[in-house]
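Trainee: Could you take me through how one reads the pockets of a model and the surroundings of a bound ligand?

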Amino acid sequence: MKFFIDTANLEQIKEAQALGVLDGVTTNPSLMAKEGISGQANVIAHYKAICAIVDDNVSAEVIATDYEGMIAEGNALAALDNKIVVKIPMIKDGIKALKYFSDKGIRTNCTLIFTAGQALLAAKAGASYVSPFLGRLDDIGADSFGLIEDIRLIFDNYGYETQILAASIRNSVHIVECAKIGADVMTGPLSSILGLLKHPLTDSGLAQFLADHKKAAEAEAAK
Ligand code: E4P
């Protein structure tokens, strides 16, 4: 399973990269705004800064919602660095844009996926990734893991190479459940990745090991 971090915060991206388990980054206009990044030049500089930290897979979302606008923006983003994956919303012109970029060999991430039908359409258009939003489905009481299962089944039925990027991940349980179902990638906050580390028996076990080691060392020194 690939691990992406879902943030535009450079410090958190650096921290995740330093762990040695990071495969990429996803951003969206809200995450960029949260970091106070606005204006063409600043946005471009920020994407370049992210690309300088990670090895690959930096999803950069277009703002345009018409075909020509998405093509112009997507081409400009892709030209910044070959680590860029152009993020396209699940709308009618977005499907056309996915096909255009797929034909051009430019990687895409189709975002705001909430149904298996949307994922199927994006895969047919040649999307490299589809991003079903788990947390937002949970928020409205819908079956988010069922959606991942359905998309997995459909993609496997037809051999689609489009990767399932489980997005809107909120915690480490989400990550583990998605891994069990067979999502190819997950994107979540740093806290969800670090949450995988935690178990109280790990902490108490380590404390006991260190205490026993210290006791034995003290006994040895006292001889
Ligand atoms: C996906 O690429 C989105 O950036 C993201 O996962 C949305 O998550 P949220 O629902 O926590 O905003």
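Mentor: Let us begin with the second largest pocket of this predicted model, whose lining divides by class into eleven nonpolar, three polar and two charged residues.

Trainee: Which residues lie nearest the centre of the second largest pocket, and which elements give two or more residues to its lining?

Mentor: Of the 16 residues that line the second largest pocket, Q40, V43, E61, I63 and E73 lie nearest its centre. The elements that give two or more residues to this lining are α2, α3 (40–53) and α4 (67–80), and the volume of this pocket is about 310 Å³.

Trainee: How should I read the lining of the largest pocket by class?

Mentor: One sorts the lining residues by class, and here the largest pocket has six nonpolar, 13 polar and six charged residues. This pocket holds about 380 Å³ of space, and among its 25 lining residues D6, N28, L31, S168 and P189 are the closest to its centre. The largest share of the lining, three residues, comes from α2.

Trainee: What takes up the space of the largest pocket, and which residues are around the ligand?

Mentor: The space of the largest pocket is the one taken by the ligand, around which are D6, T26, N28, K87, F133, R136, A167, S168 and R170. This shell comprises two nonpolar, three polar and four charged residues.

Trainee: Where do polar side-chain atoms of K87 and S168 lie relative to the ligand?

Mentor: A polar side-chain atom of K87 lies 2.6 Å from an oxygen atom of the ligand, and a polar side-chain atom of S168 likewise lies 2.6 Å from a ligand oxygen atom. For N28, an N or O atom of the side chain is 2.7 Å from an oxygen atom of the ligand. Of the 340 Å² of accessible area that the ligand has on its own, the protein covers 85%.

Note on methods:
Residues numbered from 1 in each chain as written. Predicted model: local features only at pLDDT ≥ 70, side-chain atom pairs only at ≥ 80, totals over all residues. Heavy atoms only, no water. Near = heavy atom within 4 Å. Polar contact = N/O pair within 3.5 Å; in protein donor to acceptor, adjacent residues only side chain to side chain. Areas by Shrake-Rupley, 256 points an atom, 1.4 Å probe, with all protein chains shown as cover. 1 Å grid on protein atoms, 1.4 Å probe; cavity = no way out; pocket = protein on both sides within 12 Å on 5 of 7 lines; lining within 4 Å. Sits in = over half its atoms within 2 Å of the grid points. Nonpolar A, V, L, I, M, F, W, Y, C, P; charged D, E, K, R; others polar. Points joined across faces, edges and corners; volume = space filled by probe spheres on them. Helix = DSSP H or I, 4+ residues; strand = E, 2+ residues; numbered from the N terminus.
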